[in-house]
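Q: Could you take me through one part of this structure slowly? I would like to look at the salt bridges.

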Amino acid sequence: MTIEINNESQVEVDETAILRLAAFALEQMHVHADADLAIVLVDEGAMEQLHVQWMDEPGPTDVLSFPMDELRPGTEESPTPPGLLGDIVLCPQVAEVQAESAGHSTLEELLLLTTHGILHLLGFDHAEPDEEREMFGIQRDILVGFAMVERRRR
């Protein structure tokens, strides 16, 4: 599995933790080992441009997902086919504001947003209440599982 992280923002982030979380999430979703994922961190100005260009909405947002091969979650017996999962764009400055409001660290917010972005790449959405329950439940399970693995790793 190739996961590329490119920090183009002016914010220092723990790229290794984001990489470990992304690998864990993809494994939990049974994404093929030959799938590719790119994660880019950008500043507010660049995120605002992307947000306007792709969503026609003003201002910077926290995360955008750009699926490529439209891969879907696999199963243990039948993982996704190899391919390009897509790109996730994160804005650490927006994440920092949200983290403060939520009462946790910026890194925790970035991990949540990375998981959220991966689930969008895999076709999940939260436009309808039942979709939101499913997506946010999977998101929570991945984050809790990752936290447990990280505690054992230390």
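A: Here is a walk through the salt bridges and the residues that form them. This is a predicted model, in which local features need pLDDT of at least 70 and side-chain atom pairs count only at pLDDT 80 or more, while totals for chains, interfaces and linings use all residues. Residues are numbered from 1 along each chain as its sequence is written, and side-chain values use heavy atoms, with hydrogens and water left out.

A salt bridge here is a side-chain nitrogen of Lys or Arg within 4 Å of a carboxyl oxygen of Asp or Glu. Searching the whole structure turns up two of them. In one, Arg20 pairs with Glu150, and their closest N and O atoms are 2.7 Å apart. This pair links distant parts of the chain, 130 residues apart: Arg20 sits in helix α1 (residues 15-28) and Glu150 in helix α5 (residues 129-153). Helices are DSSP runs (H or I, at least four residues), numbered from the N terminus.

Glu150 also forms a salt bridge with Arg153, where the closest N and O atoms are 3.3 Å apart. These two are three residues apart in helix α5, so about one helical turn separates them. Arg20, Glu150 and Arg153 are therefore linked in a network of salt bridges.

How open are these residues? Glu150 is buried, at 6% relative accessible area. Arg20 is partly exposed at 25%, and Arg153 is partly exposed at 47%. For these words, buried means under 20% relative accessible area, exposed over 50%, and partly exposed in between, using a 1.4 Å probe and protein chains only.
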